[in-house]
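Student: I have a protein model with a ligand on my screen, and I would like to learn how to read it. Could we go through it together, feature by feature?

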Amino acid sequence: MNEIFVTRPSMPPFEEYMEIVHPLFENKCITNMGEIHKSFENKLKDYLEVESLSLTVNGHLALENIINALNLSGEIITTPFTFVSTTHAIVRCGCTPVFCDIDESTFTLDVSKLETLITEKTCAIMPVHVYGNLCNMEEIEKIARKYKLYVIYDAAHAFGEKWNGKSVAQMGDASVFSFHATKVFNTIEGGCITFRDSGLQRVLADIKNFGFHDQESVLYVGGNAKMNEFQAAMGICNLRHIDHEIEKRKKVYGTYMELLSQVEGIRLWKPQEGVEHNYAYLPLVINDEYGKSRNELYIYLKEHKIYARKYFYPLTCDFECYRGKYSTENLEVARDISNRIITLPMYSDLSKEEIHYICKHI
Ligand code: T4K
């Protein structure tokens, strides 16, 4: 058996991609919000069912840019059970992350613990739809309204998902998506921000282009977060196939469930009620009855060329760069899950044979 990675990018047919990028070799307009960028932005707005959207070069800078566009300062309540980008974005924008524990079943922010963390310095909540599990958005937004806080969802894992028929991109003040190669939908590297206040459109456009408002006026201390034409072209192609890709992922999930449901001591990922999922990740929680620890299973799989990952261990607050800087109290559930979680290979082209091989070793 060949090596099996935790994920593989979805790629469109070569000719399809070449057809879109071919004119770029003639017109030489390859970045700075060209025609393909515009076309992709419009198609994406339709797909995500939103009025306002800003493309970015990656998901991380999308997080930083929305924090900057909203001019946030002070404390942002967030989860430590995420990819480190979420915490980095808060800190790199000069804000303070306040870590909230997670819910045992969905691994998203535990809303029952949220209110106690709000202080007069709190400016926003940044929850994460981790693995594509949607947060308790009703409760989060109720609390946010009560305390007049912004809600920015890190929706890096939730592309294309719906909650009770409503696109997840419509939720909160803003949602941030990642289109990295490892995601359900990719533009090689890339990302976008969807947002409620259409007044932010121009601000976000300026911020991602060094703050330039026009050639002689710089209004913001912006950076460079522009998506280029080759990325946008990949987006247009991959968007044509996305529904089929998600269908294939769902089948992969089904095969895993058939093969693993009788294994004792593991908790399998389950879809949430009322959610149209994208099957982005396949997390497995390892309990004592399994007889091997998460780390033992991880190493055993690796020895058999199955490269599962410990997404998300350690908690972001425990990384060296954050150690001792922020409170890490009352994170019992997050810490426990982080010590017992393993994410299995999950992508649309994972074959039945490979899934059987993985499950046999589990
Ligand atoms: N917020 C959240 C919650 C996120 O999860 C992320 C990113 C962000 C924000 C930031 O979004 P971006 O700025 O990245 O758009 C990966 C990804 O790099 C990262 O995008 C992702 N989250 C994170 C969860 O996973 P690594 O370091 O674990 O990836 P890597 O390079 O080890 O890739 C995993 C496997 O995928 C490889 O073993 C093989 C396969 N692979 C990977 C790449 C890059 C391929 O087959 N082809 C490829 O081109 O971080």
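Tutor: Happily! Let's begin with a single contact: an oxygen atom of the ligand lies 2.9 Å from a polar backbone atom of Gly-59. Keep in mind that this is a predicted model.

Student: Which side chain has an N or O atom 2.7 Å from a nitrogen atom of the ligand?

Tutor: That is Asp-154, whose side chain offers an N or O atom at 2.7 Å from the ligand nitrogen. Arg-309 has a side-chain N or O atom 2.7 Å from an oxygen atom of the ligand. To put these contacts in context, look at the cover: the ligand on its own has 920 Å² of accessible area, and the protein covers 76% of it.

Student: How many residues surround the ligand, and which are the closest?

Tutor: The shell holds 26 residues, and the closest are Arg-8, Asp-154, His-157, Arg-309 and Tyr-311. Sorted by class, there are ten nonpolar, twelve polar and four charged residues in this shell. You can also ask where they come from along the chain: helix H4 (59-69) and helix H5 (84-92) each give at least two residues to the shell.

Student: Next, pockets. How does a program find empty space?

Tutor: Rolling a probe the size of a water molecule over the atoms shows where empty space is left. Now to the case here: the largest pocket has a volume of about 540 Å³.

Student: Where does the ligand sit?

Tutor: The ligand sits in the largest pocket. The lining of this pocket is made up of 33 residues, with Phe-83, Ser-178, His-180, Thr-182 and Lys-183 nearest the centre.

Student: Which element gives the most to the lining of the largest pocket?

Tutor: H4 does, with three residues. At least two lining residues come from each of H4, H5 and strand E9 (174-178). By class, the lining of the largest pocket divides into 16 nonpolar, 13 polar and four charged residues.

Student: What volume does the second largest pocket have, and which residues lie nearest its centre?

Tutor: The second largest pocket holds about 280 Å³ of space. It has 16 lining residues, and those nearest its centre are Gly-160, Asp-243, Ile-246, Glu-276 and His-277. Helix H3 (35-48), helix H8 (229-260) and strand E14 (275-276) are the elements that give two or more residues to this lining. H8 gives the most, with four residues.

Student: How does the lining of the second largest pocket divide by class?

Tutor: It has six nonpolar, four polar and six charged residues.

Student: Let's turn to the backbone. Which peptide bonds with Tyr-311 or Tyr-313 should I look at?

Tutor: Check the omega angle in each case. The bond from Tyr-311 to Phe-312 is cis, with omega near 10°. The bond from Tyr-313 to Pro-314 is cis, with omega near -5°. To find the place, look for the loop between strand E16 (306-307) and helix H10 (332-340), where Phe-312 lies. Pro-314 is also in the loop between E16 and H10. Tyr-311 links back to our starting topic, being listed with the closest residues around the ligand.

Student: And which residue has a positive phi although it is not a glycine?

Tutor: Asn-71, with a phi of about 60°. You will find Asn-71 in the loop between H4 and strand E3 (75-78).

How values were computed:
Residues numbered from 1 in each chain as written. Predicted model: local features only at pLDDT ≥ 70, side-chain atom pairs only at ≥ 80, totals over all residues. Heavy atoms only, no water. Near = heavy atom within 4 Å. Polar contact = N/O pair within 3.5 Å; in protein donor to acceptor, adjacent residues only side chain to side chain. Areas by Shrake-Rupley, 256 points an atom, 1.4 Å probe, with all protein chains shown as cover. 1 Å grid on protein atoms, 1.4 Å probe; cavity = no way out; pocket = protein on both sides within 12 Å on 5 of 7 lines; lining within 4 Å. Sits in = over half its atoms within 2 Å of the grid points. Nonpolar A, V, L, I, M, F, W, Y, C, P; charged D, E, K, R; others polar. Points joined across faces, edges and corners; volume = space filled by probe spheres on them.
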